[in-house]
Amino acid sequence: QVQLVESGGGLVQPGGSLRLSCVASGRTFTTIHMAWFRRAPGKEREFVAGISRSGGFTYYGDAVEDRFTISRDNAKSTVYLQMASLKPEDTAVYFCGAKPVIDGITIRKDEHDYDYWGQGTQVTVSS
């Protein structure tokens, strides 16, 4: 099993920045492919960013590319999402997801690819 705990959400003004964290436990972190998803009011859960086991390969959803950066610190069993140039449409509950894997650079953007989820952290972008 994998347990995930997100933190770092809050209220931020348009154009501002915020960093989210997700700490994993229960499984060797280097065996886990990680991702961030979000759910905005009235919308389906949307892929945001993904990262390979080593952290050397990352990929993003179209809505956030060039504004958000995903990274991981395997020594701390933590994945991060650095968000910049935030817009009101970024307002959502942000979730981290985990999938134990044996591969390295596979792209996974479907929420059903992931086996474990955190409870989410609310990000609100408003003036």
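In the predicted model, four strands form an open sheet in the order β1-β3-β8-β7, with antiparallel pairing. Strands β1 and β7 (68–73) lie at the edges of this sheet, each pairing on one side only. From one strand to the next, the twist averages 15°. The antiparallel pairing of β7 with strand β8 (residues 78–83) extends over six bridges, and within it Ser71 has Tyr80 of β8 as its bridge partner.

Edge strand β1 spans residues 3–7 and includes Leu4. With a relative accessibility of 8%, Leu4 falls under the 20% limit and therefore counts as buried. Beyond its neighbours within four places in sequence, Leu4 is in contact with Cys22, Val23 and Ala24, with Met34, with Cys96, Gly97 and Ala98, and with Tyr116, Trp117 and Gly118. The C-alpha atom of Leu4 is also separated by 6.7 Å from that of Ser25, a residue 21 positions away along the chain.

A second set of pairings involves strand β11. In a regular strand the side chains alternate between the two faces of the sheet. Strand β11 (residues 121–125) shows such an alternation: the side chains of Thr121, Val123 and Val125 point to one face and are buried, whereas those of Gln122 and Thr124 point to the other face and are not buried. Strand β2 (residues 10–12) pairs with β11 in the parallel sense over three bridges, with Val12 opposite Val125. Strand β9 (residues 92–100) is likewise joined to β11 by three bridges, but in the antiparallel sense; here Ala92 stands opposite Val123. Two of the buried residues of β11, Val123 and Val125, thus have their opposite residues in β9 and β2, respectively.

Six aromatic pairs were found in a search of the whole structure. One of them is formed by Phe37 and Phe47, in an edge-to-face arrangement with 5.5 Å from centre to centre and 75° between the planes. Phe37 belongs to strand β4 (residues 32–39) and Phe47 to strand β5 (residues 46–51), so this pair ties together parts of the chain 10 residues apart in sequence. Both Phe37 and Phe47 are buried. Phe37 also pairs with Trp117: the ring centres are 5.2 Å apart and the planes meet at 70°, so this pair too is edge-to-face. The pair of Phe37 in β4 and Trp117 in strand β10 (residues 116–117) links distant parts of the chain, 80 residues apart.

The two partners in the latter pair differ in exposure. Phe37 has a relative accessible area of 0% and is buried, whereas Trp117, at 26%, counts as partly exposed because this value lies between the limits of 20% and 50%. Trp117 is also among the contacts of Leu4 in β1. Ring pairs connect Phe37, Phe47 and Trp117 with Phe57, Tyr59 and Tyr114 in a cluster.

Two further aromatic rings have an arginine over the face. Arg45 is placed over the ring of Phe95, at 4.3 Å from the ring centre. Arg72 is placed over the ring of Phe29, at 4.2 Å from the ring centre.

Notes. Residues are numbered from 1 along each chain as its sequence is written. Side-chain values use heavy atoms; hydrogens and water are left out. Buried means under 20% relative accessible area, exposed over 50%, partly exposed in between (1.4 Å probe, protein chains only). Two strands pair if DSSP finds at least two bridges between them. Rings of Phe, Tyr and Trp (its six-membered ring) pair if their centres lie within 6.5 Å; planes under 30 degrees apart count as stacked, over 60 as edge-to-face and the rest as tilted. A charge sits over a ring if NZ of Lys or CZ of Arg is within 6 Å of the ring centre and within 35 degrees of the ring normal. Contact means heavy atoms within 4.5 Å. Axes are lines fitted to C-alpha atoms, for helices over the stretch in contact, and angles run from 0 to 180 degrees between N-to-C directions.
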